[in-house]
Amino acid sequence: MPGERQPDIQISVDHLIKRFGAFIAVNDVTFDVRRGEIMGFLGPNGAGKSTIIRMLCGLLRPTSGRAMVAGVDVALNPERVRQSIGYMSQKFSLYGDLTVAENLRFFGGIYRVPQKEIAERILSVVEMAGLAGREDSLVSTLAGGWKQRLALGCAILHRPPVLFLDEPTSGVDPISRRRFWELIHELSDDGVSVLVSTHYMDEAEYCNRIAMIDQGKLVALGTPAELKNRALPGTLLLVECDEIGHAIELLGSAPGVRDVAAFGNTLHVLVDREAGQTDRLIAWLAAHGIAGARVRPIEPSLEDAFVQLVTGNREAA
């Protein structure tokens, strides 16, 4: 159970609540993260993701509930928690007027890495981040992707068992994001537990499990495949046709249609699970002036699942 830490559980959150005056930023959240697991936090801006991470890092005190990180209660001993974790914020926080090596040495001192090990640790991080040959470069001269890899290296210099990443690839190009995630998986393979917040749907697919957060609540928790299968109460159809805007209006009132969303030059249409829905949709569009529509069933994307789960949470609220 959350709150009763098992040997392979590195993060245990039990009915966590955080209030700021009358505003409830985190509302009764419960989950666990196992050793070596990558847990993704997926949610819109202001959902409460960063607030949860800051509580787990010992930077904010919970209003109620309990959180354990690496066997330490974050409310009772936040300083000890901070010694056992790596943390990377969404805002780049290294020193631009220092070189790569100087930043690493500085954070090695902050994290109290033994002096006899610091050179070997720095070399390891430089190789991991692909920064060999750039040790004497000023950080301010590095491209965004290099900066993020360096920030990750500084966060793991002391080899923590738990790593928190708060939207670490925001504003980074796709190739650099892919390399960054390769590094995260290498850390996971070494047994590091990673909790990473993101608003990129493709990044969330890289996680072992995803916690969807909305309005401070844990809306859903599971693997990407589980969330896709659980979220949609019907069959998802892909519709290709002319006059996409007009088709959205028409399909919104079509029998058996639960939801319609535009995806590029196509539509994703959620319909009741009934036989013949594809033919009925084609006939409905033709009867209303849109002939030649192409309709076929598709597997839901994580974005489809996210929209349905968040919308359902807000309607219930």
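Helices α9 and α10 are roughly perpendicular to each other in this predicted model. Helix α9 covers residues 244-251, and helix α10 covers residues 277-287. They pack at an angle of about 115 degrees. Angles of 65 to 115 degrees count as roughly perpendicular, so the pair falls into that class. The axes of α9 and α10 lie 11 Å apart.

Which way do α9 and α10 cross, left-handed or right-handed? The crossing is right-handed. On the α9 side, the contact is made by Ala247, Leu250 and Leu251. These residues meet Leu281, Trp284 and Leu285 of α10. By class, the contact of α9 with α10 has 6 nonpolar residues, with no polar and no charged ones.

Now turn to a second pair of helices. Helix α5 takes in residues 144-155, and helix α6 takes in residues 174-189. Their axes come within 9 Å and cross at roughly 15 degrees. Angles under 35 degrees count as roughly parallel, which means that α5 is roughly parallel to α6. The crossing of α5 and α6 is right-handed.

Which residues of α5 and α6 meet? From α5 come Gly145, Gln148, Arg149 and Leu152. From α6 come Ser176, Arg179, Phe180, Leu183 and Leu187. The contact of α5 with α6 has a mixed make-up: 4 nonpolar, 3 polar and 2 charged residues.

One of those α6 residues, Arg179, leads on to the salt bridges. How many salt bridges does the structure hold? There are 16. Arg179 forms one of them with Glu182, and the closest N and O atoms are 3.3 Å apart. Both residues of this bridge lie in helix α6. They sit 3 residues apart, about one turn of the helix. How accessible are the two partners? Glu182 has a relative accessible area of 38% and is partly exposed. Arg179 is also partly exposed, at 23%.

Helix α6 takes part in another salt bridge. The side chains of Arg177 and Asp202 meet at 3.4 Å, N to O. Arg177 lies in α6, while Asp202 lies in helix α7, residues 201-204. The pair therefore ties together parts that are 25 residues apart in sequence. Are its two members buried or exposed? Arg177 is buried, with a relative accessible area of 12%. Asp202 is partly exposed, at 38% relative accessibility.

A further salt bridge spans a stretch of 172 residues in sequence. It joins the side chains of Arg209 and Glu37, at 2.5 Å from N to O. Arg209 lies in strand β9, residues 209-214. Glu37 lies in the loop between β2 (23-34) and β3 (38-42). The salt bridge therefore ties strand β9 to that loop.

Where do the two side chains of this bridge stand in terms of burial? Residues under 20% relative accessible area count as buried. Arg209 is at 14% relative accessibility, so it counts as buried. Glu37 has a relative accessible area of 3%, so it is buried too. The bridge between Arg209 and Glu37 does not stand alone. Arg34 joins these two residues in a network of salt bridges.

Conventions
Residues numbered from 1 in each chain as written. Predicted model: local features only at pLDDT ≥ 70, side-chain atom pairs only at ≥ 80, totals over all residues. Heavy atoms only, no water. Axes fitted to C-alpha atoms, helices over the stretch in contact; angles between N-to-C directions. Helix = DSSP H or I, 4+ residues; strand = E, 2+ residues; numbered from the N terminus. Parallel < 35°, antiparallel > 145°, perpendicular 65-115°, else oblique. Left-handed = near helix turned anticlockwise from the far one by under 90°. Contact = heavy atoms within 4.5 Å. Nonpolar A, V, L, I, M, F, W, Y, C, P; charged D, E, K, R; others polar. Salt bridge = Lys/Arg side-chain N within 4 Å of Asp/Glu carboxyl O. Buried < 20%, exposed > 50% of the residue type's maximum accessible area, 1.4 Å probe, protein only.
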